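Me: I would like a close look at one part of this model, namely the charged side chains that pair with one another and the surroundings in which they sit. Please take me through it in one connected account.

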Amino acid sequence: MSPASTAAIREVRPGDLTAVVALVHELAEYEREPQSCTLTEEQLATALFGPAPALFGHVAEVPAGDDGTGPAEVVGFALWFVNFSTWRGVHGLYLEDLFVRPAHRGGGLGRALLATLAAVCAERGYARFEWSVLDWNEPSIGFYRSLGAVAMDEWTTFRLQGDALSALAATADAAPSAASRPADPGPSTTHATAH
């Protein structure tokens, strides 16, 4: 019997927090950045189950024990949120992280998690299902391509964080000064291109 045939894919529950946080830290180790992962159970509980949750998740669980008759063990997860396509005028699903423990890979659990999220998209009428992958992660890239996913190579992801994020936020209440406004293009370049 394959792991996928004995696995359950279900929505994350409060009792899964310890396992999911541990898996997120394993993912950070796999992605060669364990020092960057500071997620706690309290943070994840607030994000998933707080008064205004904006994060959602699913887990893959399998029976524990050598004979597969033990209590269920969470061995994989997918955490996601809803985004919006202004061009399409509908929501989409953005997969923040997906991870399956190495010992449980190759049996269809990752595919089952992705298929479950694709079903969420279909059920809710979401137009897109998107995620990012590190460019060195060839096994995952190959797997995603096998599902029909297309790399969005023409897009570059930007991120503001830490001091740069704080510095920009500190300017939010300031009125634009003449020095920060773009120079007037002048009459020779105004309306130079038609859209």
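Reply: What follows starts from the salt bridges and moves on to a neighbouring histidine and a helix.

The model is a predicted one, and a search of the whole of it finds four salt bridges. In general, side chains of opposite charge can pair when their charged atoms come close. Arg 10 forms a salt bridge with Asp 16, with the closest N and O atoms 2.7 Å apart, and the side chain of Arg 10 also meets that of Glu 61 in a salt bridge of 3.0 Å, N to O. The second of these pairs links distant parts of the chain, since Arg 10 belongs to strand β1 (residues 8–11) and Glu 61 to strand β2 (residues 56–63), 51 residues apart. Because these salt bridges share partners, Arg 10, Asp 16 and Glu 61 are joined into one network.

As for the setting of this network, Arg 10 has a relative accessibility of 12% and therefore counts as buried, while Glu 61, at 15%, is likewise counted as buried. Asp 16 is buried too.

A further salt bridge joins the side chains of Glu 73 and Arg 101, at 3.8 Å from N to O. Glu 73 lies in strand β3 (residues 72–85) and Arg 101 in the loop between β4 (90–100) and α4 (109–124), so this pair ties together parts that are 28 residues apart in sequence. Glu 73, with a relative accessibility of 32%, counts as partly exposed.

Strand β2 also holds His 58, which counts as buried at 6% relative accessibility. The side chain of His 58 is joined to that of Trp 80 by a polar contact of 3.3 Å. Beyond its neighbours within four places in sequence, His 58 is in contact with a set of residues that includes Arg 10, Glu 11, Phe 77, Trp 80, Leu 113, Leu 117 and Val 120.

Three of those names lead on to helix α4, whose buried residues are Leu 109, Gly 110, Leu 113, Leu 114, Leu 117, Val 120 and Cys 121. These buried residues cover an arc of only 145° around the axis, which means that they lie on the same side of α4. The face turned away from that buried side carries the exposed residues Ala 122 and Glu 123. The helix has 16 residues and reaches 23 Å from its first C-alpha to its last, close to the 22 Å expected at 1.5 Å a residue. After α4 comes Gly 125, which has a positive phi, near 75°.

Key: Residues are numbered from 1 along each chain as its sequence is written. This is a predicted model: local features need pLDDT of at least 70, side-chain atom pairs count only at pLDDT 80 or more; totals for chains, interfaces and linings use all residues. Side-chain values use heavy atoms; hydrogens and water are left out. Buried means under 20% relative accessible area, exposed over 50%, partly exposed in between (1.4 Å probe, protein chains only). Helices (H or I, at least four residues) and strands (E, at least two) are DSSP runs, numbered from the N terminus. A polar contact is a pair of N or O atoms within 3.5 Å; within protein, one must be able to donate a hydrogen and the other to accept it, and residues adjacent in sequence count only if both atoms are side-chain atoms. Contact means heavy atoms within 4.5 Å. The expected span of a helix is 1.5 Å times one less than its number of residues. The arc is that of the directions from the helix axis to the C-beta atoms.
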